[in-house]
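User: I would like a close look at a single part of this model, followed by what lies around it in the annotation and in the fold. Please keep the account plain.

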Amino acid sequence: MRYLLGLDIGTSGTKTALFDENGQTISTATYGYDLFQPQAGYAEQNPEDWWNACVKGISNVIQKAGVQSEDIKGVGLSGQMHGLVLVDKDYKVIRNSIIWCDQRTEKECEEITNTIGKERLIQITGNPALTGFTLSKLLWIRNNEPENYKKIYKILLPKDYIRFKLTNVFATEVSDASGMQMLDINKRDWSDELLKDLNIDKSILADVYESVVVSGKVTEEAAKLTNLSVGTPVVGGAGDQAAGAIGSGIVKEGVISTVMGTSGVVFASTDSPKFDKYGRVHTLCHAVPGKWHVMGVTQGAGLSLNWFKRTFCQKEIEESEKLGRDIYDLLTEKAAKSEPGANGVIYLPYLMGERTPHLDPNVKGGFFGVSLINNHDDFIRSILEGVSFSLKNCLDIIEDMNVKVEDIRVSGGGAESEIWRQILSDILEYPLSTVKASEGPALGVAILAGVGAGVYDSVETACEKILGGNDSEKVVPNRELKEVYSKVYEIYNSLYPRIKDI
């Protein structure tokens with residue numbers, strides 16, 4: 001039997017998963033690490049912590065599985081996107097990595113927009129200047145830490161630092177590089193025009209490949225630390241969202257992924273680059289060669305229900321512990337007792353600002369339409385509906401961009417609730433297939449590794465083989481609720497313009 005290894009270098013920890021060639025999970029391990037916040041709005045991590053977690057994780061899964069290291073045919077890398085890792089000429093890390101959720105770069109975003117122009121920036125990179133993306137972080141270093149900027153030999157993304165540690169090769173791939181905002185996503189290569197205008201030396205960027213290309217092989221030093229075989233191929237891999245999409249089979253136009261995790265994501269694969277001129281959704285290169293993807297993000301999906309649980313549901317928490325039942329099952333059952341439309345309560349899920357459809361980090365959330373008739377059940381239902389309306393905002397924009405929508409697959413913690421899945425289906429007005437994607441990005445990059453190593457012919461055929469029968473559970477929308485939800489959705493959409501300046 002041939003095996004494939006997937007590494008997912010996340011924000012809270014790194015998940016290592018070993019799969020056989022049929023996509024069956026053989027063993028997994030997760031090791032966490034710290035996030036540092038030197039001051040408000042800052043977020044940093046030590047790249048060596050990621051590497052240590054990878055070394056422990058790889059050794060652990062190989063040992064647990066009892067497989068021969070030479071039977072592991074490829075390694076795939078996924079990870080948190082947009083993080084900035086600076087390496088000097090001696091290949092040492094210069095400072096902690098500034099990661100995706102850091103918000104210090106507002107001035108640098110203005111600098112980028114003023115230099116390149118908003119419309120041109122979207123045409124080249126698929127996105128307006130964003131504080132989370134890597135380019136603004138690099139300019140922040142140049143503006144605020146010139147001594148560190150002078151030391152830069154290469155800049156890397158988090159997963160690409162792990163690639164360097166495994167292979168001694170500086171490389172990246174198109175899906176993650178798209179989120180750096182220095183890639184021309186039309187050409188799937190670095191933008192000479194943008195780099196010249198911003199006076200950035202192209203030599204500090206790693207070589208960029210398609211995501212299935214073998215970019216390096218495990219060195220003797222890395223093999224000793226991890227128990228991998230010397231020469232094991234390491235493929236390009238993917239940013240976490242593209243990798244998770246492959247792990248759910250979102251590899252052709254018409255198949256849409258809706259992920260209901262802490263944040264909510266609507267992700268669509270496209271056959272050509274498609275842009276929203278307002279920059280409300282991200283357009284990036286997909287990890288499938290010759291494909292792109294568009295992605296809408298709502299910041300406070302499962303986060304909203306988690307916040308409400310912690311803040312207002314002590315009684316239900318105690319009851320769930322007493323009954324030995326999942327607290328979210330109890331809460332969604334309470335939501336089901338409320339009427340569609342939550343008896344007039346409308347929830348805006350802007351607990352951490354918003355990205356789609358409102359690129360507004362400062363907007364606040366709220367409950368609207370509250371009256372004396374409302375009870376606890378209405379508030380819970382309004383959260384499930386409000387998050388679903390926000391995901392519908394994402395889907396509406398994607399449809400307006402002439403992206404085909406034929407099959408919507410839903411995954412993530414929120415999708416485990418039958419009640420929430422039904423509400424989402426009623427509001428989106430589409431049937432939803434449930435995807436069990438617990439290994440998500442790690443499985444996605446293991447598939448990419450399999451293609452690069454010759455285990456599979458293509459990403460599409462691998463997904464068909466591994467995920468072909470994965471959508472057995474289907475929810476269909478209740479057409480009788482179309483009128484009710486259309487009215488509530490109209491009110492929901494009218495609220496942001498009224499509250500944004502508060």
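How many of the 8 residues of helix α10 (residues 240-247) are buried?

Analyst: This is a predicted model, and what follows should be read as a description of that prediction.

In helix α10 (residues 240-247), 6 of the 8 residues are buried, so the helix is largely enclosed by the rest of the structure. Those buried residues are A242, A243, G244, A245, I246 and G247. Just after α10, G249 takes a positive phi of about 80 degrees.

The helix can be set against the annotation. An unreviewed UniProt entry places the feature "domain: Carbohydrate kinase FGGY N-terminal" at residues 3-247. Over residues 3-247 the chain is 37% helix and 24% strand, and the C-alpha atoms at the two ends of this stretch are 16 Å apart.

The unreviewed UniProt entry also gives a "binding site" at M81 and H82. M81 sits in the loop between β5 (72-79) and β6 (85-87), and H82 is likewise placed in the loop between β5 and β6. M81 has a relative accessibility of 7% and therefore counts as buried. With neighbours within four places in sequence left aside, M81 is in contact with W100, S175, D176, G179, G239, D240 and L284. One of these, D240, falls in the residue range 240-247 of α10. H82 has a relative accessible area of 11%, and is buried because the cut-off is under 20%. Beyond its neighbours within four places in sequence, H82 is in contact with I98, W100, G132, F133, T134, K137, L157, D176 and G179. W100, D176 and G179 appear among the contacts of both M81 and H82.

Two residues that are not glycines also have positive phi. Y91, at about 65 degrees, is in the loop between β6 and β7 (97-98). Y91 is partly exposed, with a relative accessible area of 37%. N199, with a phi of about 60 degrees, lies in the loop between α8 (192-197) and β12 (207-209). N199 is exposed, with a relative accessible area of 62%.

Later in the chain, the loop between β20 (346-348) and β21 (366-368) holds H358, and P357 is found in the loop between β20 and β21 too. The peptide bond from T356 to P357 is cis, with omega near 0 degrees. H358 has a relative accessibility of 16%, and so counts as buried. Leaving aside neighbours within four places in sequence, H358 is in contact with Y350 and Y496.

A helix pair can be described as well. Two packed helices are described by the angle between their axes and the distance between the axes. Helix α12 (residues 314-323) packs with helix α13 (residues 327-336) at an angle of about 125 degrees, and their axes are 9 Å apart. The two helices are therefore oblique to each other, and the crossing of α12 and α13 is right-handed. On the α12 side the contact involves E316, I317, E319 and S320, which meet I327, L330, L331 and K334 in α13. By type, the residues of this contact divide into 4 nonpolar, 1 polar and 3 charged.

To return to the part asked about: α10 is largely enclosed by the rest of the structure, because 6 of its 8 residues are buried.

Technical notes
Residues are numbered from 1 along each chain as its sequence is written. This is a predicted model: local features need pLDDT of at least 70, side-chain atom pairs count only at pLDDT 80 or more; totals for chains, interfaces and linings use all residues. Side-chain values use heavy atoms; hydrogens and water are left out. Axes are lines fitted to C-alpha atoms, for helices over the stretch in contact, and angles run from 0 to 180 degrees between N-to-C directions. Helices (H or I, at least four residues) and strands (E, at least two) are DSSP runs, numbered from the N terminus. Angles under 35 degrees count as roughly parallel, over 145 as roughly antiparallel, 65 to 115 as roughly perpendicular and the rest as oblique. A crossing is left-handed if the near helix is turned anticlockwise from the far one by less than a right angle, and right-handed if clockwise. Contact means heavy atoms within 4.5 Å. Ala, Val, Leu, Ile, Met, Phe, Trp, Tyr, Cys and Pro count as nonpolar, Asp, Glu, Lys and Arg as charged, and the others, Gly among them, as polar. Buried means under 20% relative accessible area, exposed over 50%, partly exposed in between (1.4 Å probe, protein chains only). UniProt positions are given in the numbering used here, feature names are shortened, and annotations may be inferred rather than shown by experiment.
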